[in-house]
Amino acid sequence: MIDGALNILVGLLLLSGAFFCLVASIGLLRLPDLYTRMHAASKAGTVGSGMALVAMAIHSANVGDAARAMAGVIFFILTAPVSAHLLAKAAHDMGYPLWRNSVRDDKKASDEGKDENSH
């Protein structure tokens, strides 16, 4: 009875994780600029891979394997958003343009505010 419920839970987590990874892949292909593509890859990819790792942790009968899988989830959660933010900031500083239909550039406005305050 419990094994069947765990197998269903693992299957649902794997399907959900695969769905989020699919959404991340579609976002990489369809979104218009680097910044929105980076957002799709970092957020949906992190959730998708995290769900797959949680499914692996539940399915494994070994505590060591489950602990490594959960460490991987924590690593993804801690590093993916930070690295995406730093990559986007570096791309913006290097002059990589926003999508032509973007309505606001908060970083540019913030940088201009810093320049005015420094004088």
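Biologist: What percentage of the 119 residues in the chain is made up of buried residues?

Modeller: This is a predicted model, in which local features need pLDDT of at least 70, side-chain atom pairs count only at pLDDT 80 or more, and totals for chains, interfaces and linings use all residues. Residues are numbered from 1 along each chain as its sequence is written, and side-chain values use heavy atoms, with hydrogens and water left out. Buried means under 20% relative accessible area, exposed over 50%, and partly exposed in between, with a 1.4 Å probe and protein chains only. By that definition, the buried share of the 119 residues is 24%.

Biologist: Which elements give two or more residues to the largest nonpolar core?

Modeller: A nonpolar core is a set of buried Ala, Val, Leu, Ile, Met, Phe, Trp, Tyr and Cys residues joined through side-chain atoms within 4.5 Å. The largest one has five residues: Tyr35, Met38, Ala84, Ala88 and Ala91. Helices are DSSP runs of H or I with at least four residues, strands are runs of E with at least two, and both are numbered from the N terminus. The elements asked for are α2 (34-59) and α3 (63-93).

Biologist: Leaving aside neighbours within four places in sequence, with which residues is Ala88 in contact?

Modeller: Contact means heavy atoms within 4.5 Å. Ala88 belongs to the largest nonpolar core. Beyond the excluded neighbours, its contacts are Tyr35 and Met38.

Biologist: In what order do the elements of the chain run from the N terminus on?

Modeller: The chain has four helices and zero strands. Read from the N terminus, the order is α-α-α-α.
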